[in-house]
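Please read the following account with the sequence and the coordinates open beside it. It begins with a single chain, goes on to the way the copies meet, and ends with some details of the backbone.

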Number of protein chains: 2
Amino acid sequence: MLSSDKKWFSEECGECGSAFSLTLKEKLHEETTPFQTIAIYDTETFGKLMTIDGFVMLTTRDNFLYHEMMSHPVLLTHPSPKRVLIIGGGDCGTLREVLRHPGVELAQQVEIDERVTRLAEVHFPELCESNADPRAELHFVDGLKWVADAADGYYDVIIVDSTDPVGPAEGLFGEKFYRNCHRILGAHGLLVHQSESPLFHMKLLTAMHRAMRNAGYQGVQTLHYPQPVYPSGWWSATIARKDGQIDGFREAAAAALPFDTLYYNVGVHKGATALPTFMQKAFDAVAAEFA
Amino acid sequence: MLSSDKKWFSEECGECGSAFSLTLKEKLHEETTPFQTIAIYDTETFGKLMTIDGFVMLTTRDNFLYHEMMSHPVLLTHPSPKRVLIIGGGDCGTLREVLRHPGVELAQQVEIDERVTRLAEVHFPELCESNADPRAELHFVDGLKWVADAADGYYDVIIVDSTDPVGPAEGLFGEKFYRNCHRILGAHGLLVHQSESPLFHMKLLTAMHRAMRNAGYQGVQTLHYPQPVYPSGWWSATIARKDGQIDGFREAAAAALPFDTLYYNVGVHKGATALPTFMQKAFDAVAAEFA
């Protein structure tokens, strides 16, 4: 068990048989919204911590990994992304990274729970520094309904920055949702969705590949990267292209980004898409079903 | 805190402010040797678990990540590795991976604590399947003394598969040890040492780069990879070349390995050496001190 002379936050992952814990200074806030229970903690070494229904969403210290890898690879894979839709992403960290790209003309964040964003503004102000950018729109409605109602071919990139596939986010992992995203993407449009742990969730990952292909996407590519505060510390994102194979990315643009990153660069992009043998075999098997 | 209706093994990382836990079926064994306390557990989802002095050494489920990344990259970076020295590595998983390379003629494992290997033979037999290979030699003596006594220029590759830089392994992270390794390496000789977490241990990582360069190595390269049961789930290994820069690896050989891997392949090798921006900057600063 954990030392009783320290205050701990622990997240147990039942199906993983593992838990991750952080030492706390104190709980700063907790509230139950119509959607979920959000808590904010001050940790000893990870800065602020936000949890939803007891699951770690992000910490000050290591959110850069997830946010950079959910935004820069997909934006540099699209030939010229102008209109970006973020589903979820209420902490605004993904929105900030998206708006670092000068070519982006519109970034709509559609988060179901406004309280996530209002608490991020207080406790993670650095992630919210682009919320007032004239290109940003913050909508607090159901992402499923948003994509069902959106106009055909409107978006260049859709980023699904969702919680795990239980509770409010469950529908976001389904073929029907992916199909609506496919419809509202323009030519060469790309969808990216956080896709859990390569160690723990290969069943989900292969199901996502299958659902994306069933929904009409022609190319599917998974990226992997470290994310210490999520189960196993090893995480992934999966990109799907509406109308063709995913064949590389804009390397020259990635090498000349007009902003700084902590994790992402050209080599990291290539490395993230160079999959471990066991993952590649599993995804090749899904692709073969559709050949 | 963790659920009290489950049995947990927890490893706290004091300086990290974090802990990692696994659910247990039972403790199978515990003994205190002249060097340390070794325990073996049966976990719910990770197979067997070996700990030393309360720190996770390996599990059945995910040791392939560490063992593949400690052996294949360095062996494929050397032009023709024939004599390999493993310091530590008592679980024999690294030895097994090394002996998968047909060109290796001698693999000496020098582990200070014979009980680690004897317990691995019982509880991790799959890792010990090459212990009877005629090219394998198992020595149970102090690695520091072994490298001090070894002949000049004898080895092609030295793999330091050590515990953390506290206790018996502390001297293995020092310049004096690295200097002896440098002396006993032949032309184009390579040293690789496990180098802890990029999230938690950048001070140690930069100190290792500095110690290796001070010890006379001309090129230093860090690889990063997931290792879920170690602190942060994100781990590294650092390769140092005796007499020149580390410039790529034998890609054609890596693409045609005569054995299967779960994690390692050509793309993974390139990805592991493509460092995140924050790491590259830190190592560039150390290299600049020696320019």
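The paragraphs below take the chain, the interface and the backbone in turn.

The model is a predicted one, and chain A is a convenient place to begin. Chain A holds nine helices and 12 strands, and its C-alpha atoms fill a box of roughly 55 × 45 × 40 Å when this is taken along the principal axes. For a chain of 291 residues, a compact globule would be expected to have a radius of gyration near 19 Å, and the 18 Å of chain A agrees with that expectation. Of the 291 residues in chain A, 52% count as buried. Where contacts in chain A join residues at least 6 apart in sequence, 66% of them link residues that are at least 24 apart.

Helix α3 of chain A, which runs over residues 114–123, shows how one element is placed within this chain. Its buried residues are A:Val116, A:Thr117, A:Leu119, A:Ala120 and A:His123. Because these buried residues fall within an arc of 165 degrees when α3(A) is seen down its axis, they line one face of the helix. What covers the buried residues of α3(A) includes four strands of chain A, namely β2 (18–32), β3 (37–43), β4 (48–52) and β8 (136–139).

Strand β2 also leads to the interface between the chains, where 39 residues of chain A are in contact with 39 residues of chain B. The elements that give two or more residues to the side of chain A touching chain B are β1 (8–13), β2, α8 (266–273) and α9 (277–289) of chain A. Of these, β2(A) gives the most, with six residues. Sorted by class, this side of chain A has 20 nonpolar, 15 polar and four charged residues. The strands themselves pair across the interface, for β2(A) and strand β2 (residues 18–32) of chain B run in the antiparallel sense over five bridges. One bridge can be followed by eye, since A:Leu22 has B:Ser18 as its bridge partner in β2(B).

How are the two chains related in space? In general, two copies of a chain are related by a rotation about an axis and a shift along it. Here a rotation of 180 degrees, with 0.0 Å of shift along its axis, superposes chain A on chain B with an RMSD of 0.0 Å. That is the relation of a two-fold axis. Among the residues of chain A, A:Gly271 comes closest to the rotation axis, its C-alpha lying at 1.7 Å. Because 100% of the interface residues of chain A are also interface residues in chain B, the copies meet through the same surface.

Finally, two residues merit a look at their backbone angles. A:Asp53 has a positive phi of about 50 degrees although it is not a glycine, and its place is in the loop between β4 and β5 (55–59) of chain A. A:Asp53 counts as partly exposed, because it has 16 C-beta neighbours inside 10 Å. In chain B, B:Cys92 likewise has a positive phi, near 75 degrees, in a residue other than glycine, and B:Cys92 lies in the loop between β6 (83–88) and α2 (93–99) of that chain. With 28 C-beta neighbours inside 10 Å, B:Cys92 counts as buried.

Methods:
Residues numbered from 1 in each chain as written. Chains lettered and ligands numbered in written order. Predicted model: local features only at pLDDT ≥ 70, side-chain atom pairs only at ≥ 80, totals over all residues. Buried ≥ 20, exposed ≤ 12 C-beta atoms within 10 Å, placed from the backbone. Arc of directions from axis to C-beta. Contact = placed C-beta atoms within 7 Å. Least-squares fit on C-alpha atoms with pLDDT ≥ 70 in both. Nonpolar A, V, L, I, M, F, W, Y, C, P; charged D, E, K, R; others polar. Pairing = 2+ DSSP bridges. Rg over C-alpha atoms; globule rule 2.2 N^0.38 Å.
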